[in-house]
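Subject: Structure handover

Hello,

The structure we talked about is placed below, with the sequence. My notes on it follow; please read them with the structure open.

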Amino acid sequence: MNMRLRNAVADQSDTKERILDAAEGLFAELGFARTSMRRITAEADVNLAAVNYHFGSKEGLIKAVFSRRLEPLNAERLRRLAALELAGNPTLEQLLEAFIAPNLELAGSHDVVGDRFVKLVGRSYTEHTRVLQEHVRAVNARAASAFKEAFQRVLPDLPREELTWRLHFLVGAVAYSMVGPDVARLMAGSPLSETANAQALIARLVPFLAAGMRAPLPRHR
């Protein structure tokens, strides 16, 4: 690759990252509906044609913002799962930690990326759309399927439908643990320093989730 072409590729990559950074920050602070393409282009110092070239539309840009954060998290989940399975006979607690830790560690980093990620997770629940839901589901599908099978192996007597419900509650608990720490502080009546520590939160959450996963089957009324 000659120098001129190499510089052109680098410029394209830099432009794409600037757009993603600008959009991520604005989506986190203002929400998806209130963030205009004009606002994004001004923040990124690019023209609308550049956004359309890289992402096609605002919808495509929203998907790309989520993919940029979710894909590495899922890759890390799968890496941890593979390591556990290579070691042999992972416990429920080990599987739970491998599943929840990547998100909580990013959220607990308290840097710009972590803070924006927490806000984006909150936005995805309060401003959810069918397109965004389907995209997030697709990005998470491989890791979700792999962990579901792993959980089924350590909970062989749990019916498949019940496992699905419990994983649904698990994901909700993890999401709330990331976006709702102020409620925990309010209930405590005083500051909770450990809520800012990802490892302390994981240590509290894993046994709680494990108890729920092992709970007796409900008696349907």
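The protein chain exposes about 13,100 Å², and carbon and sulfur atoms supply 56% of that area. Please keep in mind that this is a predicted model. Of the 221 residues in the protein chain, 39% are buried.

Overall layout

The chain has 10 helices and 0 strands. Read along the sequence, the pattern is therefore written α-α-α-α-α-α-α-α-α-α, each α being a run that counts as a helix. Take the contacts in the chain with a separation of 6 or more: 75% of them are between residues 24 or more positions apart.

Helices α4 and α7

Two packed helices are described by the angle between their axes and the distance between the axes. What are these values for α4 and α7? Helix α4 (residues 58–87) and α7 pack at an angle of about 10°, and their axes are 8 Å apart. Angles under 35 degrees count as roughly parallel, so α4 and α7 are roughly parallel to each other. On the α4 side, the residues that make the contact include I62, K63, F66, S67, L70 and L81. On the α7 side, they include L132, H135, V136, V139, A143 and F147.

H135 is a good residue to look up in this pair of helices. H135 sits in helix α7, which covers residues 130–154. Is H135 buried or exposed? Its relative accessibility is 16%, and buried means under 20%, so H135 counts as buried. Leaving aside neighbours within four places in sequence, H135 is in contact with K63, F66 and S67. With S67 there is also a polar contact between the side chains, at 2.8 Å.

R80 is another residue of helix α4. R80 has a relative accessible area of 19%, and because the cut-off for buried is under 20%, R80 is buried as well. Its side chain makes a polar contact of 2.7 Å with the side chain of E76. Beyond the neighbours within four places in sequence, R80 is in contact with A98, A101, P102 and E105.

Salt bridges

How many salt bridges does the structure hold? There are 17. A few of them are worth finding on the screen.

D14 and R18 form one, with the closest N and O atoms 2.8 Å apart. Both residues lie in helix α1 (residues 3–30). They are 4 residues apart, which is about one turn of the helix. D14 has a relative accessible area of 39% and R18 one of 29%. Partly exposed covers the range between 20% and 50%, so D14 is partly exposed, and so is R18.

K119 and E29 form another salt bridge, at 2.4 Å from N to O. This pair links distant parts of the chain: K119 is in helix α6 (residues 112–126) and E29 is in helix α1, 90 residues apart. K119 is partly exposed, with a relative accessible area of 37%. E29 also counts as partly exposed, at 47% relative accessibility.

E127 forms a salt bridge with R123, and here the closest N and O atoms are 3.2 Å apart. R123 has a relative accessible area of 21% and is partly exposed. There is also a group to trace: salt bridges that share partners join E17, D21, E24, R68, R69 and R116 into one network.

Two pairs separated along the chain

P207 is in helix α10 (residues 198–214). With a relative accessible area of 45%, P207 is partly exposed. P207 and E93 are 114 residues apart along the chain, and their C-alpha atoms are separated by 7.0 Å.

Y176 lies in helix α8 (residues 160–179). Y176 is partly exposed, with a relative accessible area of 44%. The C-alpha atoms of Y176 and V118 are separated by 9.9 Å, while the two residues are 58 residues apart along the chain.

If you want a place to begin, display α4 and α7 together and find H135 and S67, whose side chains are joined by the 2.8 Å polar contact.

Regards

Key:
Residues are numbered from 1 along each chain as its sequence is written. This is a predicted model: local features need pLDDT of at least 70, side-chain atom pairs count only at pLDDT 80 or more; totals for chains, interfaces and linings use all residues. Side-chain values use heavy atoms; hydrogens and water are left out. Helices (H or I, at least four residues) and strands (E, at least two) are DSSP runs, numbered from the N terminus. Buried means under 20% relative accessible area, exposed over 50%, partly exposed in between (1.4 Å probe, protein chains only). A polar contact is a pair of N or O atoms within 3.5 Å; within protein, one must be able to donate a hydrogen and the other to accept it, and residues adjacent in sequence count only if both atoms are side-chain atoms. Contact means heavy atoms within 4.5 Å. A salt bridge is a side-chain nitrogen of Lys or Arg within 4 Å of a carboxyl oxygen of Asp or Glu. Accessible areas come from the Shrake-Rupley method with a 1.4 Å probe; for residues, only the protein chains shown count as cover. Axes are lines fitted to C-alpha atoms, for helices over the stretch in contact, and angles run from 0 to 180 degrees between N-to-C directions. Angles under 35 degrees count as roughly parallel, over 145 as roughly antiparallel, 65 to 115 as roughly perpendicular and the rest as oblique.
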